[in-house]
Structure formats: C-alpha cells, structure tokens
Amino acid sequence: MNNNELIREITRLRKEKDAVILAHNYQRGEIQDIADFVGDSLELSIKATKTDASVIVFAGVDFMAEQTKIMNPEKTVLLPDLAAKCHMAYMLPCELLLEYKKKYPDTPVV
C-alpha cells in the first residue's frame, strides 16, 4: 500500500469509526499531517473533551492516552503502539511514591 492509499484508508476508517486522531508534537510529520489535532499531551487531552467523536486515537505515549481516557471516560481511547512509553514517567521509584503516600495520604496518584 502506498502513502496515498494509506491516507485514504485512514480517512475512510476515521469517518466510519467516528474517530479523531490526536498526535503529540514530537510525532513524525506524516503522523501530524493526518492528525486532526497536534499539540502537547495536556492540550490534546483537553481538545479531546471538545470533540463529538466517540473514538480517540492518541499517537503518543501510554500516560497521554491514560490521561485522555480519564478526561473522556465515555469515549473509547486507542493507543496505536502499546509499547510507547515515557521513560521520565518511570523515573520515580515505587518505594519513594509509597513513602510520599504515607506522608500525604489524601493526595491522588494517577
């Protein structure tokens, strides 16, 4: 399948599935070109709350899709690459998080 055929197929599926495509601003240009919205993670999650689409395809990392789902609980949120991780999000050791939860028990953790 060449690029033009792929773009046509994505466009067809987006309409058929009532989907919107969000792309983080670090995604490749080809991904950004097909996306409905491009921006940073919070900005995209907010834009997702303002769309009528029932399916959100998030071209980003896992925590961005999770944040989008929290903000859009009634919508289906898809992450095209389940292996897409943010290394910075994994920098906090579990033990340190548990220590802070003891210190600040009412603080929510996502």
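These legends accompany close-up views of salt bridges in a predicted model.

**View 1. Glu 16 and Arg 12 pair within helix 1.** Let's start with a salt bridge between the side chains of Glu 16 and Arg 12, with an N to O distance of 2.5 Å. Both residues belong to helix 1, which covers residues 3–16. Because Glu 16 and Arg 12 lie 4 residues apart there, about one helical turn separates them. Arg 12 is partly exposed, at 39% relative accessible area. Glu 16 is partly exposed too, with a value of 48%.

**View 2. Glu 16 also meets Lys 17.** Here the side chain of Glu 16 forms a salt bridge with that of Lys 17, and the N to O distance is 3.6 Å. Lys 17 has a relative accessible area of 47% and counts as partly exposed.

**View 3. Glu 30 and Arg 28 form a salt bridge.** In this pair, the closest N and O atoms are 3.4 Å apart. Is Arg 28 buried or exposed? Arg 28 counts as exposed because its relative accessibility of 54% is over the 50% cut-off. Its partner Glu 30, at 47%, is partly exposed.

**View 4. Shared partners build a network.** Which residues are joined when salt bridges share partners? Glu 9, Arg 12, Glu 16 and Lys 17 come together in one network. Glu 16 will be familiar from the earlier views, where Arg 12 and Lys 17 are its partners. For the wider picture, a search of the whole structure gives 6 salt bridges.

Technical notes:
Residues are numbered from 1 along each chain as its sequence is written. This is a predicted model: local features need pLDDT of at least 70, side-chain atom pairs count only at pLDDT 80 or more; totals for chains, interfaces and linings use all residues. Side-chain values use heavy atoms; hydrogens and water are left out. A salt bridge is a side-chain nitrogen of Lys or Arg within 4 Å of a carboxyl oxygen of Asp or Glu. Helices (H or I, at least four residues) and strands (E, at least two) are DSSP runs, numbered from the N terminus. Buried means under 20% relative accessible area, exposed over 50%, partly exposed in between (1.4 Å probe, protein chains only).
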